[in-house]
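Me: Please take a close look at one part of this model, the interface between its two chains. I should like a connected account of what each side contributes and how the contact is made.

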Amino acid sequence: MTVRWKFKDLSTGTEATLAINPNQGGSPGVDKSVNAVHVLAPNRRAIVWEGTAKPSNMEFSGVIITQAHLEMLELWAVKRTLVQITDDLGRIYQGVIAAFHPTRERRAFNYWYHTYQMTFMPTAMKNASGTVVYGEIVASV
Amino acid sequence: MLDPNSQIFRDWQDLMVSGEFVGRNRPVGRVTFVEPWITRNNSTSRPGPWRSQLFNPAEPVWLENWVELSVRSISISRSIGQDAATCTLSMVNVRPGQYVRQGIDEDPFGVGYLTPYRGMATAGVSTSVYGDEHAETTWGYAPNDLSNQLLPNTLVRTYQGYGSDNFDENGHPRDPSDPLYVSPANDSKLVLTGVWLIDRATFVGGTESPTINVECRDLGKLLIEQFIFPKMIPMSRFPLVYSPIPDTEADQNGQPASAGRNTARYDTSAPDQHSYYPNGAVSGHKGTDAFDGREETYWLSHSYEHPSSSDAYEWLQADCDGDEINEVYIHTVKSGYTVYVSVKEDGTWKGSNSIPYTPGDHNHNAGIDYVAKSVIGSSAKVKIKLPRTYKAEKVRITFHNLQEFTGLPYFPYRVAVREFHCYMRSTAIDWNNYVFDNFPPAAEPGQISDWSEAIKELCGWAGFTWPDASPNHADPLLGICEATGTPMRIWGDFEVLGSGPIISTPGDYFMNKSFMEAIRQIVDFLGGIFYIDHTGGAQFRMPNIWAPGNFVCDVDSVSLAARTNTHPIEFNDGINLLGYTMTLDDSQIRSEIVVVGKDPDIKGEGMVAGGFKLGNGSAIDFSDLLNGQVRLMMIPGESTKNFKTNAECAVMAELTAVQIMMTYRKGSAQIIAHPGLHIDDQVRIFERVTNETAIHYVSGIESSMDLESGEYTMNVTTHWLGTDAANHADEGSWVIDAQKLTPTVQLLPVILKRLAASNTAGTGDLQPANAKSGALGA
């Protein structure tokens with residue numbers, strides 16, 4: 001049985017389930033701020049610095065085939081609240097939806113067919129094993 | 001520089017070699033903000049008020065350690081000759097915290113959290129005239145603990161280094177709410193790099209880029225912005241005048257001699273040998289009463305039945321902490337005592353004769369060797385010259401022929417001492433053309449033996465007073481705090497130069513001047529340097545150019561204010577040197593310098609002027625470079641209106657030549673930041689293209705720490721000094737040939753000490769400090 005992605009508004013407790021899971025993306029990476037310079041001598045020895053870790057976006061994309069699915073994503077995208085996403089692997093992300101870009105594509109028998117890209121900026125992540133990878137997982141109201 | 005033997009310094013040295021400033025060793029900068037307040041105290045010795053910017057007992061701690069997580073970059077610029085160092089902080093205007101989410105509408109703590117007056121309603125205005133329902137006067141925000149702190153004159157401390165004790169197991173900084181949180185001040189991986197006062201804070205509006213730019217100056221701001229006038233200085237001291245201590249006593253050459261700083265403080269006494277507690281009172285009189293600078297109080301000995309019995313030797317002992325002395329001053333109650341002076345140096349009492357003491361029913365341990373003996377005459381005051389200069393650890397005065405004191409219990413014969421001083425008397429300056437003015441009455445405030453005392457006093461009035469210097473002894477200039485009874489000192493190090501005023505300064509000399517202008521006026525004609533260090537302390541001394549080595553100043557170290565003859569910090573093109581340029585510039589070079597004194601009579605024979613020729617045979621020689629060009633620098637009388645002797649003018653000319661020397665061969669280095677490096681340090685540079693292997697003087701450091709990229713670098717301005725101060729046979733090996741200094745300069749006590757330091761060059765041992773006259777734990 002397919003496990004659907006769930007969105008949860010942490011300020012109100014409202015929940016929504018995606019009609020169709022994204023078909024691409026959905027795992028945030030790690031972006032560190034590492035820079036290198038070299039000294040003057042001919043050996044060009046490298047000096048490596050590390051700065052503040054940058055927040056890493058999670059991008060995912062998929063298809064929309066129903067009016068309800070599109071409008072649900074539109075409503076969640078404009079929220080300026082903290083959102084929790086639970087994916088089909090049981091991973092939990094908390095953060096904000098940073099971007100939503102739907103693209104309508106012609107389909108003779110489905111006027112609501114879209115593809116979309118969504119960018120989510122997680123501020124906290126708990127992996128499928130239940131370990132908080134970074135940030136602080138807060139409970140909803 | 002910081003103590004090269006400390007663990008943190010050694011860790012930095014290892015990091016320089018590895019080049020891996022990542023992970024747990026990544027650059028870290030932390031900042032704290034403290035609400036400022038200047039406290040005022042009066043002292044027992046001199047009228048105040050003595051002001052303290054630091055050491056505020058009401059200093060709130062709740063703000064410390066919070067704002068640090070909002071800081072994105074720290075830039076510090078500090079240089080010799082700069083009145084105040086500057087610090088610029090780039091911050092994000094959000095609620096600090098590692099895991100706090102920002103910019104989300106429902107979060108009442110979101111952006112703008114650090115903006116002053118946030119959450120405070122504006123009276124009389126409720127809504128926008130445009131009917132914008134969101135334009136509320138508080139925007140729904142509640143006041144918070146941090147919103148009124150980024151205001152001008154908030155006290156800021158910056159802590160920087162590599163790594164942090166505050167990292168969790170994954171290398172993330174802990175939140176202040178974490179029980180294992182380590183505050184910046186307790187972080188052993190970081191060092192204090194500056195104490196600042198905010199000048200200007202710029203807040204950027206809008207939620208897209210809520211940033212704050214904070215511009216600060218160090219505590220030199222107190223000296224720059226405050227002026228010398230009654231209220232800042234005691235009314236009784238206005239107009240501010242400094243005069244020599246009246247002393248017409250002549251040395252063996254018939255020249256007046258100047259007394260240095262009293263270095264004695266109470267150590268122990270004969271009564272203490274069988275007292276239950278140290279410094280016990282005898283009929284209400286304690287040993288410390290002979291060291292408090294007050295003639296009305298005195299130490300009283302135990303009593304004897306006979307004045308000259310073989311056990312009737314009472315003694316009082318001072319701790320001089322290894323300072324150089326060659327004279328003691330004793331002022332007693334009554335006269336006629338025989339007094340022996342004993343000096344302990346290198347752990348032994350010096351002298352070939354012993355005090356003929358025989359213990360009575362208990363032993364006072366009075367039978368030690370002595371170096372001088374005298375009789376206290378009818379004036380009850382005596383100055384005793386010692387056979388030579390001693391690095392005295394202890395000085396003991398032992399009295400015999402005790403005098404009768406009536407009205408006291410037990411036996412009648414005792415000794416009482418009002419004051420006991422130990423000091424260095426100098427005759428180094430050529431006083432041939434000494435001009436005497438009318439001195440004010442003796443013992444008046446404003447009479448000084450060394451210009452460092454004037455600088456110290458100015459700093460104390462402006463806000464550098466250390467109101468409770470326990471367990472250190474009080475600075476004689478300040479004495480005891482009237483309100484708390486604690487010993488007071490000035491927060492800083494002030495090197496005793498051995499050069500004080502020859503005549504009284506004119507009444508308008510310091511008029512309409514800021515404290516900094518007055519200090520600069522003194523510092524510049526002495527050829528010294530003055531700056532505020534990383535701890536917020538004032539530093540006054542001769543520049544560190546006379547001998548190879550470095551001062552070590554580390555408030556947490558036992559080697560405080562000591563000196564090492566090594567150069568632990570290198571700029572090496574294969575290790576830590578990221579860029580280097582060397583410049584040769586003759587624009588300031590002169591062949592001779594003439595300094596004109598006050599009111600020179602150009603028609604008379606006795607024109608007051610002195611000069612210095614930079615040529616063959618002089619300590620600083622540019623004759624090869626100028627190829628016969630004659631370039632004269634003339635310093636007019638207007639700027640030296642206090643000079644009345646040719647000797648003074650010549651000293652200034654030679655010290656000016658030293659400054660000119662520093663302008664010729666300069667370096668500009670970009671290095672990986674070394675937090676242990678300070679201005680007035682010496683470093684060694686190795687760079688193959690510019691053929692650099694020499695020792696350089698550091699006159700300026702601009703550090704830049706970008707916490708987002710992790711880059712932490714320093715741009716350092718340097719001046720070539722040479723390689724070997726001791727070996728002058730190799731011409732050009734050191735920029736100043738000290739052996740060729742004119743005697744007037746060479747014999748200045750401070751120069752003598754600096755040159756003596758070079759005799760132990762290469763040992764790497766920490767030597768006793770030259771600059772320990774100040775307050776930093778000395």
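Reply: Chain A and chain B bury about 2,400 Å² between them in this predicted model, and 55% of that area lies on carbon and sulfur atoms. Three residues, A:Leu40, A:Trp49 and A:Glu50, supply 29% of the area that chain A buries against chain B, more than any other three residues. In terms of contacts, 28 residues of chain A meet 35 residues of chain B.

As for polar interactions, 13 residue pairs are in polar contact across the interface of chain A and chain B, with both residues of each pair at pLDDT 80 or more. The count of salt bridges between the two chains, by contrast, is 0.

The side of chain A that touches chain B draws at least two residues from each of four strands: β4 (34-38), β5 (46-50), β8 (92-104) and β9 (114-126). Of these, β5(A) gives the largest share, 5 residues. By residue class, this side of chain A consists of 13 nonpolar, 11 polar and 4 charged residues.

Strand β5(A) also takes part in strand pairing across the interface. It is joined by 2 bridges to strand β1 of chain B (residues 20-21), and the two strands run parallel. Within this pairing, A:Val48 has B:Glu20 of β1(B) as its bridge partner. Thus β5(A) both supplies the largest share of the side of chain A that touches chain B and pairs with a strand of chain B.

Terms used: Residues are numbered from 1 along each chain as its sequence is written. Chains are lettered from A and ligands numbered from 1 in the order in which they are written. This is a predicted model: local features need pLDDT of at least 70, side-chain atom pairs count only at pLDDT 80 or more; totals for chains, interfaces and linings use all residues. Side-chain values use heavy atoms; hydrogens and water are left out. Contact means heavy atoms within 4.5 Å. Buried area is the accessible area (1.4 Å probe) that two parts lose on being put together, summed over both. A salt bridge is a side-chain nitrogen of Lys or Arg within 4 Å of a carboxyl oxygen of Asp or Glu. A polar contact is a pair of N or O atoms within 3.5 Å; within protein, one must be able to donate a hydrogen and the other to accept it, and residues adjacent in sequence count only if both atoms are side-chain atoms. Ala, Val, Leu, Ile, Met, Phe, Trp, Tyr, Cys and Pro count as nonpolar, Asp, Glu, Lys and Arg as charged, and the others, Gly among them, as polar. Two strands pair if DSSP finds at least two bridges between them.
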